[in-house]
Amino acid sequence: MQLALYQIDAFTDRPFAGNPAAVVPLERWLPDAVLAAIAAENNLSETAFFVPEGEGFRLRWFTPGIEVDLCGHATLASAWVLYERLGWRAARIPFVCASGPLGVRRLEDGRLELDFPARSLLATDAGLAEAVAAALGAQPVEVRSSDTNLFAVFACEADIRALRPDFAALARLPKQGVIVTAPGDHADFVSRYFAPAAGIDEDPVTGSAHCELTPYWAARLGRDRLHAQQVSKRHGELQVCLDGARVRIAGHAVPYLEGRITLPGD
């Protein structure tokens, strides 16, 4: 059996930047063990798989270690493959996933815009906040949490860039990952995302983290439309908008690699 494989750099307009995602279109679902093995072999932060369902597609994402319930950059990459390689012509691509219905549309300037759920943040207890600071090796201004992630706010962009966390300590924290954020020097806000418990020490550009970031910064800055940068080594550019209980996340994507996966026969 052979499967098409695409590797797309998401949230960037140039190769070798943004976040690389693998995309594997399927006609039907393969066993979960096979999907997990493909993702581990790809060894990227996420591999996306989708199959036709109804008027759109069911979408799933695997890290090298686990299946996740929401992923932005691999959704952006999947939409790019559908528009640019698989002939999708409708204005919007409907996806269904573990987090519910999602959508992607192509904007006039060529960017792709995700329609994702907003995620609320709650206060954390002092003990957990201290554990986050110890794992990050720096003291945040505040620490909050969502259902999925811990969320640490710092004073300035330089603080975010300087972080050298203890990944083993981060992996012991009780959430999938840790979002760190601060006001940006050349954007409304900046962030980084660490998820060693999910097999990703640092994710280069994390669309799903902006489900928490966007409501926080929209409330803090008093504006719904914001420019975001993820200041990993690969760097990512995102335009985000809070739209009620949804977050719109827009960015470019560029192709890097196209090939075939060969699987053993029955």
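These legends describe close-up views of a predicted model.

**View 1. Helix H2, a mostly covered helix.**
H2 runs over residues 72–84 and has 13 residues. From its first C-alpha to its last it reaches 18 Å, close to the 18 Å expected at 1.5 Å a residue. Of its 13 residues, 12 are buried. The buried stretch takes in Gly72, His73, Ala74, Thr75, Leu76 and Ala77. Ser78, Ala79, Trp80, Val81, Leu82 and Tyr83 are buried too. An α-helix has 3.6 residues a turn, so residues three or four places apart point the same way.

**View 2. The largest cavity and its lining.**
The model has 2 cavities of 30 Å³ or more. The largest holds about 110 Å³ of space. Its lining is made of 16 residues, and those closest to the cavity centre are Glu46, Gln176, Tyr193, Thr206 and Ser208. Which elements give two or more residues to this lining? They are H2, strand E13 (189–195) and strand E14 (200–203). By class, the lining has 7 nonpolar, 7 polar and 2 charged residues.

**View 3. The second largest cavity.**
This cavity holds about 30 Å³ of space. Leu170, Leu173, Lys175, Gln176 and Gly177 line it, along with Val178, Phe194, Ala195 and Pro196. Strand E12 (177–183) and E13 each give two or more residues to the lining. The lining residues divide into 6 nonpolar, 2 polar and 1 charged. Gln176 appears here and is also listed among the residues closest to the centre of the largest cavity.

**View 4. Asp201 in strand E14.**
Asp201 is partly exposed, because its relative accessible area is 41%, between the 20% and 50% limits. Setting aside neighbours within four places in sequence, Asp201 is in contact with Phe167, Tyr193, Phe194, Ala195 and Pro196. Among these contacts, Phe194, Ala195 and Pro196 also line the second largest cavity. Asp201 and Ala168 are 33 residues apart in sequence, yet their C-alpha atoms are 9.2 Å apart in space.

**View 5. Gln7 in strand E1.**
Strand E1 spans residues 2–10 and includes Gln7. Is Gln7 buried or exposed? Gln7 has a relative accessible area of 18%, under the 20% limit, so it counts as buried. Residues up to four places away in sequence are not counted in its contacts. Beyond them, Gln7 touches Pro20, Ala21, Ala22 and Leu44. Gln7 also touches Pro255, Tyr256 and Leu257.

**View 6. Cysteines without a disulfide.**
A disulfide is a covalent bond between the sulfur atoms of two cysteines. How many disulfides does a search of the whole structure find? The search finds 0. Why is Cys241 not bonded to Cys211? The sulfur of Cys211 is the closest cysteine sulfur to that of Cys241, but the two are 13 Å apart, too far for a bond. Cys241 is buried, at 8% relative accessibility. Cys156 is partly exposed, with a relative accessible area of 30%. Cys211 is one of the buried residues of helix H6.

**View 7. Helix H6 and the residue after it.**
H6 covers residues 210–221. Its buried residues are His210, Cys211, Glu212, Leu213, Thr214, Tyr216, Trp217 and Ala218. Gly222 follows the helix with a positive phi, near 75 degrees.

**View 8. Positive phi at Phe16 and His235.**
Most residues other than glycine have a negative phi, and most peptide bonds are trans. Phe16 has a positive phi, near 70 degrees. Phe16 sits in the loop between E1 and strand E2 (19–25). Phe16 is exposed, with a relative accessible area of 61%. His235 is not a glycine either, and its phi is positive at about 65 degrees. His235 lies in the loop between strand E15 (225–230) and strand E16 (236–243). His235 is partly exposed, at a relative accessible area of 22%.

**View 9. Asp243 in strand E16.**
Asp243 is partly exposed, at 40% relative accessibility. Asp243 and Ala253 are 10 residues apart in sequence. From C-alpha to C-alpha, the two are 23 Å apart in space.

Definitions and conventions
Residues are numbered from 1 along each chain as its sequence is written. This is a predicted model: local features need pLDDT of at least 70, side-chain atom pairs count only at pLDDT 80 or more; totals for chains, interfaces and linings use all residues. Side-chain values use heavy atoms; hydrogens and water are left out. Helices (H or I, at least four residues) and strands (E, at least two) are DSSP runs, numbered from the N terminus. The expected span of a helix is 1.5 Å times one less than its number of residues. Buried means under 20% relative accessible area, exposed over 50%, partly exposed in between (1.4 Å probe, protein chains only). On a 1 Å grid over the protein atoms alone, a cavity is a set of points where a 1.4 Å probe fits but cannot get out, and a pocket is an open set with protein on both sides within 12 Å along at least five of seven lines; lining residues have an atom within 4 Å of a point. Grid points are joined across faces, edges and corners, and a volume is the space filled by probe spheres set on the points. Ala, Val, Leu, Ile, Met, Phe, Trp, Tyr, Cys and Pro count as nonpolar, Asp, Glu, Lys and Arg as charged, and the others, Gly among them, as polar. A disulfide is a pair of cysteine sulfur atoms within 2.5 Å. Contact means heavy atoms within 4.5 Å.
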